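Q: Could you take me through the surroundings of one of the bound ligands here, residue by residue? Once that part is clear, carry on into the rest of the fold.

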Amino acid sequence: MLNNQQITIQRGLKKQKMEKARINNIEIEFDEGTTILDAAKTLGINIPTLCHHPDLIPTGACGVCVVEVEGLPTLTRACTTPLEKGWNVQTNSARVRSTRKEVVELIISDHDMDCLTCIKNGKCELQELAANLGIRDLTYPKFTDKKPIDTTSVSIVRDPNKCILCGRCVQVCTEIQTVNALTFAERSSETVITTASGEGMGNSPCVNCGQCTVYCPVGALYENSSVEAVWEALNNPDKHVVVQEAPAIRAMLGEEFGMEPGTLVAGKMHAALRRLKFDAVFDTNFTADLTILEEGTEVVERIKAGKDLPVITSCSPGWIKFMETFYPHLRKHVSTAKSPQQMFGTLSKTYYAEQKGIAPEKIVSVSIMPCTAKKFEALRDEMKDSGFQDVDFVLTTRELARMLKEAGIDLKAMPDEPADDPLGEYTGAATIFGATGGVMEAALRSAYFLVTGRELENLDILSVRGLKGRKEAEVDVDGIKLKVAVAHGLGNARKLMDKVSAQLANGKCEYHFIEVMACPGGCVGGGGQPWGSDMAMRARRGQTLYQEDKSLPMRRSHENPSVKAIYEKYLGHPYSEKSHHLLHTHYFKRSRIDGKVVED
Amino acid sequence: MSKDTVLKKYASLVMDEDADVVDVLQSVLHYYNRESCGHCAPCRVGTSLLVKIIDRLASFEGERDNLDQLLKISKVMRDTSFCPVGQAPYSPISSALKNFQDQLLQHVK
Ligand code: SF4
Ligand code: SF4
Ligand code: SF4
Ligand code: SF4
Ligand code: FES
């Protein structure tokens with residue numbers, strides 16, 4: 001799967017040939033192979049599009065982007081057609097304007113238009129397009145009957161009545177994530193997006209990563225919402241409602257309130273959650289630090305013992321289901337440490353309940369996640385080590401933004417407030433969990449200390465940062481050369497796991513420790529993040545987390561005083577018997593047909 | 001039916017001299033609707049609408065507007081469909097409208 005960025009880079013390797021053409025009579029010099037769409041953009045001309053997305057290979061499905069090339073008989077798609085030498089392209093001729101308007105009229109004649117009650121109202125690419133083109137009449141009769149909405153998945157809802165069949169979801173699921181849960185079926189007027197078995201997303205190999213929801217231009221794919229359930233808990237005086245927010249939230253919640261992508265809003269977020277009347281505002285970053293100590297200790301012990309190497313990270317639930325479905329033979333390599341969300345859930349109903357003297361059945365544990373797979377993770381049968389469902393409700397970044405807007409809370413105007421004790425304090429190592437490579441970097445900072453008893457001096461491990469699909473590094477820990485690898489996006493994870501599986505089959509794998517995140521870019525690119533986030537935006541949000549890391553007084557998980565306190569008061573030491581019971585888990589083998597657990 | 005009427009490109013259709021043009025168009029447009037692979041919106045939605053309209057005309061329930069709609073839709077399809085299937089209906093529709101407008105009008109309510 002190549003995205004445009006990579007295509008440009010590849011082209012950059014070849015000797016460039018510059019050509020000349022004209023767009024709207026303006027002369028332009030362009031690299032051979034540049035599409036009309038991209039060339040026009042450099043002149044400040046935005047040709048309207050609908051199915052096209054900068055991260056995906058253009059398929060030409062909608063026909064909205066047509067332009068007129070002087071001398072050619074029919075109109076031409078700007079998103080799929082490379083500009084040619086000597087062409088004069090018209091993007092706004094009378095013929096182009098009326099034709100693209102009519103294409104949009106055709107598309108909406110097959111669309112369930114109830115914008116006012118639609119999840120995408122105000123954020124919808126089709127709505128914006130219709131507004132920009134000045135569509136005022138509905139010319140054609142609707143010809144399809146209402147189809148049932150797919151609510152079989154605990155993470156994602158699919159409404160085929162809103163689907164414009166652009167195919168982005170299929171492309172993302174197949175090419176970027178290589179899960180192949182979604183597919184086109186039937187043909188002609190009957191064409192639909194569905195799962196292979198047709199039994200709904202909840203009965204498919206879908207790993208709940210939610211990337212399809214981020215790329216869908218309309219309201220056809222979205223999270224299975226828990227907003228109402230959380231309002232109910234907040235309004236119930238008998239409940240003590242606690243909340244945790246994942247590292248990645250603070251880098252993008254601001255976007256939903258008109259702030260620059262990548263603005264850091266950690267303090268404002270804590271304040272806003274207090275105003276929503278959560279009884280305690282904690283931070284998942286606290287348990288991210290704890291995860292590093294549990295997982296880091298596990299890594300160090302396994303490396304010392306040479307047991308089941310490489311160790312693979314376990315904090316991304318999309319990755320975990322993917323591994324259980326496609327690489328169940330690698331289960332023993334995956335760290336048993338629960339994800340920070342689930343560690344928090346357990347501790348909120350055990351440690352925190354005890355410290356505060358609150359009955360655990362009164363506690364409602366809510367998490368704010370950049371992720372739709374976290375909804376699935378919270379509902380896994382085995383996630384009940386506190387004696388209750390450890391995490392009750394998971395809200396995505398988008399859902400939290402909706403709640404804040406409904407409550408009239410303006411994030412921009414919030415003061416900066418810290419999270420509450422004892423589950424709120426965090427270090428820079430925790431905050432970078434949200435970007436690809438972050439868990440690896442955080443783990444190495446502490447693993448170095450665990451092995452040598454000395455602190456790693458240079459804390460910035462740059463070779464594992466950035467948006468390259470697969471990254472590798474070699475770190476010298478007192479003479480032991482640790483070889484680590486990082487993959488983000490499940491297609492990249494698949495390539496890495498194929499390599500690991502092949503090496504293991506031959507006896508030994510070259511890596512000691514591997515980080516995998518299901519979503520491209522890591523959690524900053526998660527399936528619960530604001531709509532329409534492309535790779536460029538994900539990179540900016542990643543930078544924000546590294547900035548927060550740099551600015552924090554403590555940047556190593558093992559320095560976190562609250563983490564030290566919980567070990568002293570409650571858990572004993574990392575990887576202790578008690579932590580094993582509360583903070584570690586196990587994995588299953590799953591069917592590639594319906595995603596359900598199967599016997600080994 | 002006059003000999004230069006283009007009813008089906010890339011395919012031939014044998015018909016009676018006094019076949020009703022609406023019946024012929026109905027069969028042709030249903031054919032293209034069946035052949036549409038569904039990949040691109042102009043052809044998928046366009047052929048669906050075309051059969052809906054021609055079915056109405058065939059049962060004498062059409063309106064005057066429907067004739068313009070047939071032409072307008074098939075023209076957008078010609079200009080924006082991804083492959084020849086979606087580009088095809090324009091020729092039979094425009095030539096039927098040119099050569100057999102009377103017959104078509106008889107089908108309007
Ligand atoms: S998907 Fe977009 S156009 Fe369709 S109803 Fe929702 S907001 Fe409106
Ligand atoms: S959530 Fe992920 S795995 Fe599931 S259908 Fe969407 S892209 Fe595919
Ligand atoms: S569900 Fe969304 S992304 Fe998928 S084809 Fe339909 S409109 Fe496109
Ligand atoms: S024009 Fe071609 S590509 Fe488009 S739907 Fe019709 S048959 Fe498929
Ligand atoms: S944007 Fe070019 S065909 Fe859809």
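A: Let's start at ligand 2. Its shell (heavy atoms within 4 Å) takes in A:Ile156, A:Cys173, A:Val179, A:Ala181, A:Leu182 and A:Met201, and then the run A:Cys206, A:Val207, A:Asn208, A:Cys209 and A:Gly210, plus A:Cys212. Sorted by class, that shell has ten nonpolar residues, two polar ones and no charged ones. The sorting counts Ala, Val, Leu, Ile, Met, Phe, Trp, Tyr, Cys and Pro as nonpolar, Asp, Glu, Lys and Arg as charged, and the others, Gly among them, as polar.

Keep in mind that this is a predicted model, where local features need pLDDT of at least 70 and side-chain atom pairs pLDDT 80 or more, while totals for chains, interfaces and linings use all residues. Residues count from 1 along each chain as written, chains are lettered from A and ligands numbered from 1 in written order, and side-chain values use heavy atoms, without hydrogens or water.

Now for the other ligands. Ligand 3 has 13 residues around it, with A:Cys163, A:Cys166, A:Gly167, A:Cys169 and A:Cys216 the closest. Its shell splits into eleven nonpolar residues, one polar and one charged. At ligand 1 you'll find A:His111, A:Asp112, A:Asp114, A:Cys115, A:Cys118, A:Lys120, A:Asn121, A:Cys124, A:Gln127, A:Lys162, A:Val218 and A:Gly219. That shell comes out at four nonpolar, four polar and four charged residues.

Zooming out, chain A is cut into domain 1 (2–92), domain 2 (108–223) and domain 3 (238–598), with bounds from an automatic or database assignment. Between domains 2 and 3 of chain A, 26 residues of domain 2 and 36 of domain 3 are in contact (heavy atoms within 4.5 Å). The C-alpha centres of these two domains are 30 Å apart.

A:Ser109 deserves a stop. It sits in helix 3 (residues 94–109) of chain A, a helix being a DSSP run of H or I with at least four residues, and a strand one of E with at least two, numbered from the N terminus. With a relative accessibility of 6%, A:Ser109 counts as buried (under 20%, 1.4 Å probe, protein chains only). A polar atom of its side chain is 2.7 Å from the backbone oxygen of A:Leu106. Beyond neighbours within four places in sequence, A:Ser109 touches A:Tyr140, A:Pro141, A:Lys142 and A:Phe143, and also B:Val45 and B:Leu49.

So much for the chain A side; what about chain B? Chain B has six helices and zero strands. Of its 109 residues, 51% are buried. Among chain B contacts with a separation of 6 or more, 59% join residues 24 or more positions apart.

Last, the sheet. Chain A has an open, mixed sheet of five strands in the order 2-1-5-3-4, with strand 2 (26–31) and strand 4 (76–77) at the edges. Strand 1 (residues 18–23) pairs antiparallel with strand 2 of chain A over six bridges; pairing takes at least two DSSP bridges. A:Lys20 is bridged to A:Glu29, and A:Ile23 to A:Ile26. Strands 1 and 2 of chain A make a hairpin with two residues between them, and A:Asn24 in the turn has a positive phi of about 50°.

Technical notes: Buried < 20%, exposed > 50% of the residue type's maximum accessible area, 1.4 Å probe, protein only. Polar contact = N/O pair within 3.5 Å; in protein donor to acceptor, adjacent residues only side chain to side chain.
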